[in-house]
Amino acid sequence: MSEYDEHEAVASGPIPVLAVIGRPNVGKSTLVNRILGRREAVVEDIPGVTRDRISYDAHWNGRAFTLVDTGGWDPDAKGMAERIREQAEIAVSLADAVLFVVDAVVGITDADAEVVKVLRRAGKPVVLAANKVDDERTEAEAHALWNLGLGEPHPISALHGRGSGDLLDVILEALPEPPTEEDPVDAGPRRVAIVGRPNVGKSSLLNKLAGAERVVVDNVAGTTVDPVDELVELGDRTWRFIDTAGIRKRVKESSGHEYYAWLRTSTAIDRAEVAVLVLDAEESIAEQDVRILQAVRDAGRALVIAFNKWDLVDEERRFYLEREVERDLVQVRWAPRINITARTGWHIDRLVPALDKALEGWETRVGTGALNSFLGRLVAERPHPVRGGKQPKVLFGTQASTAPPTFVLFTSGKLDQGYERFIERRLREEFGFVGTPIALQQRVREKRKRR
Ligand code: GDP
Ligand code: GDP
């Protein structure tokens, strides 16, 4: 099961993003764990090792937001103030609001002052957490943080939970209201993330797309556009390409470079509805490509795969590419694939139909009646294998949400993974679901014991 299975479905609108920033050791990871209620353990820092998980689904008072933990970089590197400034810049460019964590016991350091400069310039809402205020005695230290000039410091103890509820209330106030599922009208242009390794042709693709028709932002009603996004007219409609600044900007090589690239990719996927994974068709499919695919699946986003540089693909390469696709892309056999040459614009017009198809699959809803007659047929066709003298049965199913399609199956016992895969495969054969991951959740009905 992928990780979004475990959560209640969240609204499909753009979920607001909160970035957590601060120096190493101020307690960011502890605070993130506290906010998540330890539902998902944040991996401990191993110096020099970057974490894969950067963003987490958080909930408070019935509202959902995405928490981006920027703490996963090597704190031993030289030029820490510079690195922290860079971290803060990326965080503010990606997030709707920033949670700035300061160690109240240590007080304001030079690195903190650097961060303040960035935050002031960005003009995004900032919530200031004065951490490690474990008791009333330390509270006075928190007051000293008024001197940062960022407004009220909120004293908390990430370790013990002190003040964290109040802090979350303040965070929700700072974040924009996400649109609810009943109110999808204002969702605005479709949000697309172009993702892929360096040099696969992302910016070439974006340039070709944007070159066609660049939209003047003011002309699109009801949209506030993040400066890092770009609105592009394609196929008579406006699309929002997420974090194009990250694609266009050639980030300087530095030791944190790869981590920042991953941070951008991961956040762009979270903010998007559909991801376009650009692959260099001339090169072998790499582990990094698969890692991005996994991130798209885990985030539950729609997916289109674009094999770029098709002008460089000859018969022989084609032969090997087909084998690589069989081997490395089996998990996403459902994703529409297009072959393009971004450099010349060849087949670029195939992108919009592929995006449409993927988004349609992503938002497909199957009625409860149709679903259960399908499940009935399916169980008759192939019952679950007997396990330890018992045979788990699917009693009833319902589609809990779309975007991505999420199904809840009520069963008399835990279903095998193999049987789950069978159900998913048959669901796709029957209802389409092109371009989208499918989530299956099981609710096992407890049998009452006979007396
Ligand atoms: P990060 O590097 O900013 O992610 O910091 P961590 O979350 O890893 O915390 C660094 C250290 O500070 C750990 O030893 C934590 O246990 C400790 N710590 C975090 N929050 C608190 C707190 O509220 N009070 C105290 N006393 N220690 C804390
Ligand atoms: P990005 O790092 O993913 O944004 O990749 P770029 O768009 O900067 O492209 C990397 C290199 O690949 C550049 O030299 C491009 O000119 C080249 N490139 C991009 N698309 C194509 C293509 O379709 N065919 C060929 N032959 N080269 C391409």
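# A guided tour of the predicted model

Among contacts in the protein chain between residues at least 6 apart in sequence, 73% join residues at least 24 apart. The structure on display is a predicted model. With the whole protein chain selected, its secondary structure comes to 13 helices and 15 strands. Of the 451 residues in the chain, 51% are buried. The accessible surface amounts to about 22,000 Å², and carbon and sulfur atoms account for 48% of that area.

**Stop 1: helix 1**

Please select residues 28-36, which form helix 1. Which residues of this helix are buried? They are Lys28, Leu31, Val32, Asn33, Ile35 and Leu36. An α-helix has 3.6 residues a turn, so residues three or four places apart point the same way. To see what covers the buried residues, add strand 1 (17-21), strand 2 (55-60), strand 3 (63-69), strand 4 (97-103) and helix 5 (164-174), which are included in that cover. Just after the helix, select Gly37, where phi is positive, at about 65°.

**Stop 2: ligand 1**

Keep helix 1 visible and display ligand 1. Which element gives the most to the shell around this ligand? Helix 1 does, with three residues. The ligand is surrounded by 14 residues, and the closest are Asn25, Lys28, Ser29, Thr30 and Asp134. Of these, Lys28 has already been met as one of the buried residues of helix 1.

Three distances may now be inspected in turn. Begin with Val26, where a backbone N or O atom lies 3.4 Å from an oxygen atom of ligand 1. Proceed to the side chain of Thr30, which has an N or O atom 2.6 Å from an oxygen atom of the ligand. Then select Asp134, whose side chain places an N or O atom 2.6 Å from a nitrogen atom of the ligand. Taken alone, ligand 1 exposes 580 Å², and the protein buries 74% of that.

**Stop 3: the loop between strand 5 and helix 4**

From Asp134, turn to the loop between strand 5 (126-131) and helix 4 (139-143), and select Thr138 there. Is Thr138 buried or exposed? Thr138 counts as buried because its relative accessible area is 12%, below the 20% limit for that class. Apart from its neighbours within four places in sequence, Thr138 is in contact with Val105, Lys132 and Val133.

Lys132 merits a selection of its own, as another residue of this loop. Its phi is near 70°, a positive value in a residue other than glycine. Most residues other than glycine have a negative phi, and most peptide bonds are trans. With a relative accessibility of 30%, Lys132 is classed as partly exposed.

**Stop 4: Asn199**

The next selection is Asn199, in the loop between strand 7 (190-195) and helix 6 (202-212). Asn199 is not a glycine, yet its phi is positive, at about 75°. Its relative accessible area of 62% makes Asn199 exposed.

**Stop 5: two pairs of C-alpha atoms**

Return to strand 3 and select Leu67. Leu67 is buried, and its relative accessible area is 0%. Add Ala95, 28 residues away along the chain: the C-alpha atoms of Leu67 and Ala95 are separated by 9.1 Å.

For the second pair, select Ala122 in helix 3 (residues 110-122). Ala122 is partly exposed, with 36% relative accessible area. Ser93 is 29 residues from Ala122 along the chain, and the C-alpha atoms of the two are separated by 7.9 Å.

**Stop 6: strand 14 and the loop before it**

Now select Pro404, in the loop between strand 13 (394-401) and strand 14. Which peptide bond here is cis? The bond from Ala403 to Pro404 is cis, with omega near 5°.

Continue into strand 14 (residues 406-411) and select Phe410. Phe410 is partly exposed because its relative accessibility is 31%, a value between the limits of 20% and 50%. To finish, add Leu395 and Phe396: together with Phe410 they form a nonpolar patch on the surface. The accessible area of this patch is about 250 Å² in all.

Definitions and conventions: Residues are numbered from 1 along each chain as its sequence is written. Chains are lettered from A and ligands numbered from 1 in the order in which they are written. This is a predicted model: local features need pLDDT of at least 70, side-chain atom pairs count only at pLDDT 80 or more; totals for chains, interfaces and linings use all residues. Side-chain values use heavy atoms; hydrogens and water are left out. Patches are made of residues with over 30% relative accessible area and no salt bridge: like charges are joined within 9 Å, nonpolar side chains (Val, Leu, Ile, Met, Phe, Trp, Tyr) within 5 Å. Accessible areas come from the Shrake-Rupley method with a 1.4 Å probe; for residues, only the protein chains shown count as cover. A salt bridge is a side-chain nitrogen of Lys or Arg within 4 Å of a carboxyl oxygen of Asp or Glu. Helices (H or I, at least four residues) and strands (E, at least two) are DSSP runs, numbered from the N terminus. Buried means under 20% relative accessible area, exposed over 50%, partly exposed in between (1.4 Å probe, protein chains only). Contact means heavy atoms within 4.5 Å. A residue is near a molecule or strand if one of its heavy atoms lies within 4 Å of it. A polar contact is a pair of N or O atoms within 3.5 Å; within protein, one must be able to donate a hydrogen and the other to accept it, and residues adjacent in sequence count only if both atoms are side-chain atoms.
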